[in-house]
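Please look through the structure below with me before reading the points that follow it. I have tried to set out, step by step, where chains of atoms pack together and where space is left between them.

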Amino acid sequence: MKIFTSSVLALCLAFGAAGAEAQNLISLQKRGTLTRDLADLSFLLAGFSLSSRGDIDYYVVNYTMENFEGGLDTVSGLMVRPTTTKERFPVLVYQHGTTLTKYAVPSRAAVGRDLAYVAATQGYVAIAPDFLNMGDDQEGFHPYVHARSEALAAIRMMEALKSAPEFANATNDQLFLTGYSQGGHASMALHEILVEEFPQIKVTAAAHMSGPYSVSEIMKDSVILKDSTFVYLAFLPYTVLGYQAVYPELNDDLATIFRAPYLPIITRFRDQYATGGVPLDSLTRELLRQYTIAEGNMTYYPSRLLTPAFAKELRDNPDNKYNVALRDNDTYDFVNPTPTRLLYCRGDDQVNYLNSILAERRMVAAGATDTKAENLGNTLNHGECVIPAVQRMLGFFKTFQQITSGTQIPEASDWTYVQAEATLRVYLHDEATYRLELIDALGRTTATASYTSGALVDLSRLSAGLAVVRITDAAGRSASHKLIVQ
């Protein structure tokens, strides 16, 4: 027998041990609590004008997602939620920025140092994926600024957490998306894939911050190939190596891409990436030092790292396979129905501000009615832009944020369909018990019983055809939905 019914962030219905989403979660381990006083102290030291709503709990999440070999990897991430059990909070997905090694990720960050902690103190259940081949995913080169894997890391994490009471009992049906730097690219990628491929998951609002959304135009033409100083030379080989890990057709000998003076440095970074032996900032310093020797000056043009033949192909051949891969990872080409802010600083020295301007123009032209790019400072560089961007993001989200009662039941019209087996688990806010009724197509109640939140409900009594499941909480509020039994 197959049952067709629903699961949403506000009321999590996870069907059967064989359900794909339930299988996605490997473990959820609580690592501790950050008190309100300590959170407020960390805000003060960091320069944020914020105060915490209360204590927050933090967890390390292990779950599965697709890898590039067609299998599944066990990946990791961070979940941070308000400690209180009296309310339900929106979900906020935070995508992290570029890290120095594959281990400097949210799940391993010092307590309170990741922006997921900041979001949780403001009344969100914040989740932050570490990304593929980072954190607990030990093998493989991280696919840097690869849109689809960035997005799927978050989507699979949301799916996995639906089966966890610590998440399901704390969340309502609002969803906010954000990220900074590489995380801005990742949050925009997540936004695009949710809109185009997961329409049942509604995004409440999004704030993408200082992201390289246009890797094929702005980052390539206005940063890499333009003869202007850009001292963050490591981003170029990091991107090339990351795309080689994704696209088999890009597996060229590095000697055809990078000039001889820089090749040993880049090769060593690649070979020692798994252990973090050459952090990204060390790669930058080594490339800058070698550039001064090889070029005899300190102009620091990234294009000088490339062989003349490779640079010419990038400039002159739009159908070059690397240009095709770069276009594949632009993240603004979708019809956006969500209130969205693209937050940037014009003085950004790492991610050219034109990324936000171009993304706004393209998205508005495609039909977005509430997508705006906002300049937060003409002189602020990439690091200095973080605090005003986060403050503006939180202020923007607050205009939509709803913190709801711990016993709220969503309307049945909000439920969406998933295929399942003949069992049902209902996670119902903070209610210790709820009443569930099974009603067949003739209106007969075939079962009435009280269940503890998360308990397994046997649906085998239902005959083929239409049926209704109705749940009622202790306050007398109820929701029901039709089932199609086959």
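The numbered points below go from the whole protein to its empty spaces, then to two helices and three single residues.

1. The model is a predicted one, and this should be kept in mind throughout. The protein holds 14 helices and 19 strands, and 59% of its 486 residues are buried. Of the contacts between residues at least 6 apart in sequence, 77% join residues that are at least 24 apart, and such pairs are worth looking for when you follow the chain from one element to another.

2. The largest pocket has a volume of about 1100 Å³. Its lining is made up of 38 residues, and those that lie nearest its centre are Tyr 94, Gly 97, Thr 98, Arg 113 and Val 386. Helices α2 (36-46), α3, α10 and α14 (386-398) are the elements that give two or more residues to this lining, and α2 provides the largest share, namely five residues. By residue type, the lining of the largest pocket divides into 23 nonpolar, twelve polar and three charged residues.

3. How many cavities of 30 Å³ or more are there? The count comes to three, and about 380 Å³ of space lies in the largest cavity. In general, such empty space is found by rolling a probe the size of a water molecule over the atoms. The largest cavity is lined by 22 residues, with Met 219, Ile 224, Phe 235, Leu 236 and Thr 239 nearest its centre, and the lining as a whole consists of 15 nonpolar residues, six polar ones and one charged one.

4. Four helices each supply at least two residues of the lining of the largest cavity, and these are α7 (218-224), α8 (235-244), α11 (308-316) and α12 (321-328). Helix α8 gives the most, with five residues, which makes this helix a sensible one to examine next.

5. Is α8 largely enclosed by the rest of the structure or largely open? Ten of its ten residues are buried, so α8 is largely enclosed by the rest of the structure. The buried residues include Phe 235, Leu 236 and Thr 239, the three of this helix that were named above among the residues nearest the centre of the largest cavity. The elements that cover the buried residues of α8 include α7, α9, α10 and α12.

6. Helix α10 (residues 280-295) offers a simple check that a student can repeat: at 1.5 Å a residue its 16 residues should span 22 Å, and because its end C-alpha atoms are 22 Å apart, the two values agree. Among the buried residues of α10 are Leu 280, Leu 283, Leu 287 and Tyr 291. As a general rule, an α-helix has 3.6 residues a turn, so residues three or four places apart point the same way. The buried residues of α10 pack against α8 and α9 (263-271), and the helix is followed by Gly 296, whose phi is positive, near 75°.

7. Thr 99 lies in the loop between β6 (87-95) and α3 (115-121), and because its relative accessibility is 10%, under the 20% limit, it counts as buried. Its side chain reaches the backbone oxygen of Thr 101 at 2.6 Å. Once the neighbours within four places in sequence are left aside, Thr 99 is in contact with Ala 104, Met 134 and Leu 280, and Leu 280 is one of the buried residues of α10.

8. Ser 187 is found in helix α6 (residues 182-197), and its relative accessible area of 0% is the reason why it counts as buried. A polar atom of its side chain lies 3.2 Å from the backbone oxygen of Gly 184. Leaving aside neighbours within four places in sequence, Ser 187 is in contact with Gln 95, Leu 177, Thr 178, Gly 179 and His 208.

9. Is Gly 47 buried or partly exposed? Gly 47 counts as partly exposed, because its relative accessibility is 43%, and this residue is found in the loop between α2 and β4 (56-66). Gly 47 and Ile 387 are 340 residues apart in sequence, yet their C-alpha atoms are 7.3 Å apart in space.

Technical notes. Residues numbered from 1 in each chain as written. Predicted model: local features only at pLDDT ≥ 70, side-chain atom pairs only at ≥ 80, totals over all residues. Heavy atoms only, no water. 1 Å grid on protein atoms, 1.4 Å probe; cavity = no way out; pocket = protein on both sides within 12 Å on 5 of 7 lines; lining within 4 Å. Points joined across faces, edges and corners; volume = space filled by probe spheres on them. Nonpolar A, V, L, I, M, F, W, Y, C, P; charged D, E, K, R; others polar. Buried < 20%, exposed > 50% of the residue type's maximum accessible area, 1.4 Å probe, protein only. Polar contact = N/O pair within 3.5 Å; in protein donor to acceptor, adjacent residues only side chain to side chain. Contact = heavy atoms within 4.5 Å. Expected span 1.5 Å × (residues − 1).
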